[in-house]
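Me: I am new to this structure and would like a close look at one part of it, the empty space inside and on the protein. Please also say how the packed interior is made up.

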Amino acid sequence: MEKKNIDWANLGFGYVQTDKRFVSNYKDGAWDEGALISDANVVISECAGVLQYSQSCFEGMKAYTTEDGHIVTFRPDLNAQRMEDSCRRLEMPVFPQDRFVDAVCQTVAANEAYVPPYGSGATLYIRPYMFGSDAVIGVSPATEYQFRVFVTQVGPYFKGGVKPLTIRVSDYDRAAPHGTGHIKAGLNYAMSLYPIMEAHRQGFDENLYLDPATRTKVEETGGANFLFVTKDNKVVTPKSGSILPSITRRSLVAVARDYLGLEVEEREVYLEEVKDFAECGLCGTAAVISPVGRINDHGKEICFPSGMEKMGPVIQKLYDTLTGIQMGRIQAPEGWIKVIK
Ligand code: PLP
Ligand code: COI
């Protein structure tokens, strides 16, 4: 398979149309067989549930070319489970988990020419999503839905690659205590647009959201969970019912414990204690692990000893091990790697 002529090393994190996408429609209580199609446009009612009441959810995954030339994806069963959880919370029909994984694999395989080569620094981002497609005017769930998967080749999520980020403590809340912060609903991202643009206008890369009930505990950013490292090399990650259960974070906890022999604490993390950590990183599919160098809390700066030039040593080891597993350089735990081709 000949690859597309793409400048892989200089890709940003943006949408570029690829050849095929998977589409399945839900009508009269059942999903159809689904198919790979070429048309990248969606045609729906002007009164569609997604357009009026934001009934939509999505997932984010990546495909990688491994050192030995296979195309693989990482723990797709966990994305399938999380999408099911999102659908249930949003009164949407579940697209069966085995079919979800199959649709992802079909879409990646059909766009093989866009899967970045091993060592290029780029990856293929996979976006499964679902939305209410028929008309609703009273506030109620749609009766028809579309499940789709597209892929797009990407570089680093944050400009500057792995340069440490500067983030600010946000005055806005990302999630309500018993709301939708734990699922991947489109509406969680719509409400984050004003805070993220304001953060950018003020020169920050991202927002650190606090727990909405007490505003004393660290939750997550708009698109990634937090990992901290203590001065004695313990990995600490916030536990909360209103953050997205990041698959990257859950994988890194296992990597820290089982590959690096580090102690890991999953617990509530108070903003007050953040100044005592040695390293900080943001983890997610798009972010991988992006180091944080500085947190601005209303003018008060928390500067991590790892500095603004490079990742701290523990975050670097976590990064190298995780990406080593994803790219086939390091033996993966059973069931983590799904070979597509
Ligand atoms: N938190 C939020 C709000 C996200 O949007 C994401 C991205 O998916 C994550 C965390 C990281 O989750 P994952 O590692 O499963 O990609
Ligand atoms: C991902 O990491 O896949 C996400 O969906 C986060 C998004 C902010 C790009």
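Reply: What follows goes through the pockets, then the cavities, then the nonpolar cores.

The model is predicted. In it, the largest pocket has a volume of about 960 Å³. Its lining is made of 41 residues, and those closest to the centre are Phe-13, Tyr-157, Tyr-189, Gly-223 and Ala-286. Two or more lining residues come from each of β7, β8, α5 (193-201), β10 (206-208), α6 (247-259) and β14 (279-284). Among these elements, α5 gives the largest share, 4 residues. Sorted by class, the lining of the largest pocket holds 19 nonpolar, 14 polar and 8 charged residues. At least three of the lining residues belong to domain 1 (8-154), and at least three to domain 2 (165-326).

The second largest pocket contains about 510 Å³ of space. It has 31 lining residues, with Gly-121, Thr-123, Val-288, Tyr-319 and Thr-323 nearest the centre. At least two residues of this lining are supplied by each of β5, β15 (288-297) and α7 (313-326). The lining of the second largest pocket divides into 18 nonpolar, 10 polar and 3 charged residues. Here, too, domain 1 (8-154) and domain 2 (165-326) each contribute at least three residues.

Next come the cavities. Rolling a probe the size of a water molecule over the atoms shows where empty space is left. A search of the whole structure finds 2 cavities of 30 Å³ or more.

The largest cavity has a volume of about 120 Å³. Of the 13 residues that line it, Tyr-64, Phe-74, Thr-248, Thr-285 and Gln-326 are nearest the centre. The elements β5, β6 (71-74), α6 and α7 each give at least two residues to this lining, and β5 gives the most, with 3 residues. By class, the lining of the largest cavity has 6 nonpolar, 6 polar and 1 charged residues. Where does the largest cavity lie with respect to domain 1 (8-154) and domain 2 (165-326)? Both domains give residues to its lining, so the largest cavity lies between them.

The second largest cavity holds about 30 Å³ of space. Its lining consists of Asp-173, Arg-174, Ala-175, Tyr-209, Leu-210, Pro-212, Glu-219 and Ser-242. By class, these residues are 4 nonpolar, 1 polar and 3 charged.

That leaves the packed interior. In soluble globular proteins, nonpolar side chains tend to be buried together. The largest nonpolar core in this model has 38 residues, and the members that touch the most others are Phe-100, Val-108, Ile-126, Met-130 and Phe-147. Two or more core residues come from each of β1 (21-27), β5 (61-65), α2 (76-89), α3 (97-110), β7 (123-132) and β8 (145-154). The largest share of this core, 6 residues, is supplied by α3.

One of those well-connected members is Met-130. Leaving out residues up to four places away in sequence, Met-130 touches Trp-31, Gln-55, Ser-56, Cys-57, Met-83, Cys-87, Met-92, Pro-93, Phe-95, Tyr-145, Gln-146 and Phe-147. Apart from the largest core lies another core, of 23 residues, including Val-229, Val-253, Leu-262 and Met-327.

Some elements appear in more than one of these places. Strand β5 gives residues to the largest core, to the lining of the second largest pocket and to the lining of the largest cavity. Strands β7 and β8 give residues to the largest core and to the lining of the largest pocket.

Definitions and conventions:
Residues numbered from 1 in each chain as written. Chains lettered and ligands numbered in written order. Predicted model: local features only at pLDDT ≥ 70, side-chain atom pairs only at ≥ 80, totals over all residues. Heavy atoms only, no water. Core = buried A, V, L, I, M, F, W, Y, C linked by side-chain atoms within 4.5 Å. Buried < 20%, exposed > 50% of the residue type's maximum accessible area, 1.4 Å probe, protein only. Contact = heavy atoms within 4.5 Å. 1 Å grid on protein atoms, 1.4 Å probe; cavity = no way out; pocket = protein on both sides within 12 Å on 5 of 7 lines; lining within 4 Å. Points joined across faces, edges and corners; volume = space filled by probe spheres on them. Nonpolar A, V, L, I, M, F, W, Y, C, P; charged D, E, K, R; others polar. Domains from an automatic or database assignment.
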